[in-house]
Amino acid sequence: MNHAYATFRLPDGTCRTLAAGDLVGRLWSAALQIDDPRVSEGHAMLSLRGGDLWLLALRRRLAIVGKSVAEVRLATGQRIALA
């Protein structure tokens, strides 16, 4: 069985791999914890839709290429801002 996942490179150069359904935020239980007061406890979730992985904003918005968005279809090399 194949599992959908995405690898995120953080500003400090570390990489984290998340699977569909994983949360991003300040919660201790988030798969990708971000210690930044501008990031919500449950800020975003990785979702699999029609074979594509999406990052969905849950409370606040995301930004890609300086544009505020509620969701982003993930592709290699993107720079996504949470805060």
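The questions and answers below walk through a predicted model, taking its sheet, its core and its charged pairs in turn. Residues are numbered from 1 along each chain as its sequence is written, and side-chain values use heavy atoms, with hydrogens and water left out. Because the model is predicted, local features need pLDDT of at least 70 and side-chain atom pairs count only at pLDDT 80 or more, while totals for chains, interfaces and linings use all residues.

User: In the open sheet of three strands, what is the order of the strands?

Analyst: Strands here are DSSP runs of E of at least two residues, numbered from the N terminus, and two strands pair if DSSP finds at least two bridges between them. Strand E7 (residues 62-64) pairs with E8 in the antiparallel sense over three bridges, and the edge strands, each pairing on one side only, are strand E8 (67-69) and strand E10 (80-81). The sheet is open, its pairing is antiparallel, and its order is E8-E7-E10.

User: Which residue in E8 is the bridge partner of Leu62?

Analyst: Strands of a sheet pair through backbone hydrogen bonds, either parallel or antiparallel. For E7 and E8 the sense is antiparallel, and the bridge partner of Leu62 in E8 is Val69.

User: Which residues of the largest nonpolar core touch the most other members?

Analyst: A nonpolar core is a set of buried Ala, Val, Leu, Ile, Met, Phe, Trp, Tyr and Cys residues joined through side-chain atoms within 4.5 Å, where buried means under 20% relative accessible area, exposed over 50% and partly exposed in between, with a 1.4 Å probe and protein chains only. The largest such core has 15 residues, and strand E1 (5-9), strand E5 (44-49), strand E6 (52-57) and E7 each supply at least two residues of this core. The members that touch the most others are Leu18, Val24, Leu46, Leu55 and Leu62.

User: Why does the salt bridge of Arg26 and Glu41 tie together separate parts, and how many residues apart are they in sequence?

Analyst: A salt bridge is a side-chain nitrogen of Lys or Arg within 4 Å of a carboxyl oxygen of Asp or Glu, and the side chains of Arg26 and Glu41 meet in one at 3.1 Å, N to O. Arg26 lies in the loop between strand E3 (23-25) and strand E4 (32-33), and Glu41 lies in the loop between E4 and E5, so the pair ties together parts of the chain. Arg26 is partly exposed at a relative accessible area of 35%, and Glu41 is partly exposed at 37%. The separation in sequence is 15 residues.

User: Is Asp36 buried or exposed, and at what relative accessibility?

Analyst: Asp36 has its place in the loop between E4 and E5, where Asp36 forms a salt bridge with Arg38, the closest N and O atoms being 2.7 Å apart. Leaving aside residues up to four places away in sequence, Asp36 touches Arg26 and Ala83, contact meaning heavy atoms within 4.5 Å. Asp36 counts as buried, at a relative accessibility of 16%.

User: How far apart in space, C-alpha to C-alpha, are Asp22 and Ala44?

Analyst: Asp22 sits in the loop between strand E2 (15-19) and E3 and is partly exposed, with a relative accessible area of 23%. Not counting residues up to four places away in sequence, Asp22 touches Ala31, Ala44, Met45 and Leu46. Asp22 and Ala44 are 22 residues apart in sequence, and their C-alpha to C-alpha distance is 8.6 Å.

How values were computed. Helix = DSSP H or I, 4+ residues; strand = E, 2+ residues; numbered from the N terminus.
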